[in-house]
Amino acid sequence: MQRRSFINQAGIAGILAAGAAPAIVHAQTTIRWRLASSFPKSLDTIYGAAETFTKKVADMSGGKFQISVHAGGELMKPFEVVDAVQNASVEMAHTAPYYFFGKDETFAIGCAIPFGLNSRQTTAWMMEGNGLKLMREFYAKYNIINFPGGNTGVQMGGWYKKPLKSVADMKGLRMRIGGFAGRVIERLGAVPQAIPGGEIYAALEKGTIDAAEWVGPYDDQKLGFHKVASTYHYPAWWEGGPQLDFFINNKAFNALPNEYKSMIETAAYMAHVEMQAKYDARNPTALKQLAAQKVNLAPMPKDVMDAAFKASQEIYADLNAKNPNWRKVYTDYAKFLKDQNLWFRFTEARYDSYMQNAKL
């Protein structure tokens, strides 16, 4: 019965190669999947994580498990990949979960929420806390199992045609901003815009938006934002450690032999670590180059940070009362965040503060 059920899953494209036995029989079966990315090919950091992942899977399987990577817009729009995985139009996707907070705000916790965990803390919550368990329970409602797929680290606060002097400058600001943070800046009077990475430059250039954030210097320089906006604020209070994910259709994953499941897990962790290593290694040089081009590097005004923090906490309280999915995950997340902040105050924060003021 199990074998017949697997064979009848015709909607999972490419599970069986011509003349091959079902994949659940042995790991020598040739399997071909498709991965839909939410990102453009031009970004070797964030899009590249999917390429790293698929290459490792192919290498470990001796070429028997092939996964083709498709950039955002190639198979579907960048913000449609969750529907595609849920409905088995593709076997998997690589994306930022917070893009889909409109379906349920809980998606955002799996990526980043304003004033949340940083990248190390996020990995700790996922791997040693309850994060991965809780998020998988939530994603199962969408026929999805997730694996960590990278982290950018703390991001920059975005590009602005006019610098922010105070929270009053947020009023009426049309800003491209990712995920859940849009709800926060709305409370500050701004107008959030959901725009895929590959379309941000054109929107800034045409003036349909006044500001935009993406990731940080290396990606932002590639995308050319400094050519159409001169002020570069920091930091992104809405993204202290955004985790990308590989989303896989549950049925496709469960049909795999254990060897292939292990390959997916191993390759995902490799891609996860490599992404942040790339950003940490490449951002410093890119920031120097941007500064040399007379970009106005400016800290985010404190009253903007304070107002955004207050608005964030109010939104979280509202969601705790209204959304049981959110409450279940956020309760655990918030406790973990509190403990991590206490620990980092005595260690990372003190060390980093000293080193950043030392003469090297």
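**View 1. The largest cavity.** On a 1 Å grid over the protein atoms alone, a cavity is a set of points where a 1.4 Å probe fits but cannot get out. Grid points are joined across faces, edges and corners, and a volume is the space filled by probe spheres set on the points. This is a predicted model: local features need pLDDT of at least 70, side-chain atom pairs count only at pLDDT 80 or more, and totals for chains, interfaces and linings use all residues. Residues are numbered from 1 along each chain as its sequence is written, and side-chain values use heavy atoms, without hydrogens or water. The largest cavity holds about 80 Å³. Its lining (residues with an atom within 4 Å of a point) has 15 residues, with I46, Y98, Y99, Q155 and E239 nearest the centre.

**View 2. The second largest cavity.** Two cavities reach 30 Å³ or more. The second largest has a volume of about 30 Å³. Around it sit Y160, L164, M170, M175, I185, W237, W238, M300 and V304.

**View 3. The largest nonpolar core.** Such a core joins buried (under 20% relative accessible area, 1.4 Å probe, protein chains only) Ala, Val, Leu, Ile, Met, Phe, Trp, Tyr and Cys residues through side-chain atoms within 4.5 Å. This one has 107 residues, and W33, F53 and W125 have the most contacts inside it. Helix α11 (residues 258-292) gives the largest share, nine residues. Helices here are DSSP runs (H or I, at least four residues), numbered from the N terminus.

**View 4. Around W125.** Contact means heavy atoms within 4.5 Å. Beyond its neighbours within four places in sequence, W125 touches residues including I109, L117, V329, Y333 and F336.

How values were computed
1 Å grid on protein atoms, 1.4 Å probe; cavity = no way out; pocket = protein on both sides within 12 Å on 5 of 7 lines; lining within 4 Å. Buried < 20%, exposed > 50% of the residue type's maximum accessible area, 1.4 Å probe, protein only. Helix = DSSP H or I, 4+ residues; strand = E, 2+ residues; numbered from the N terminus.
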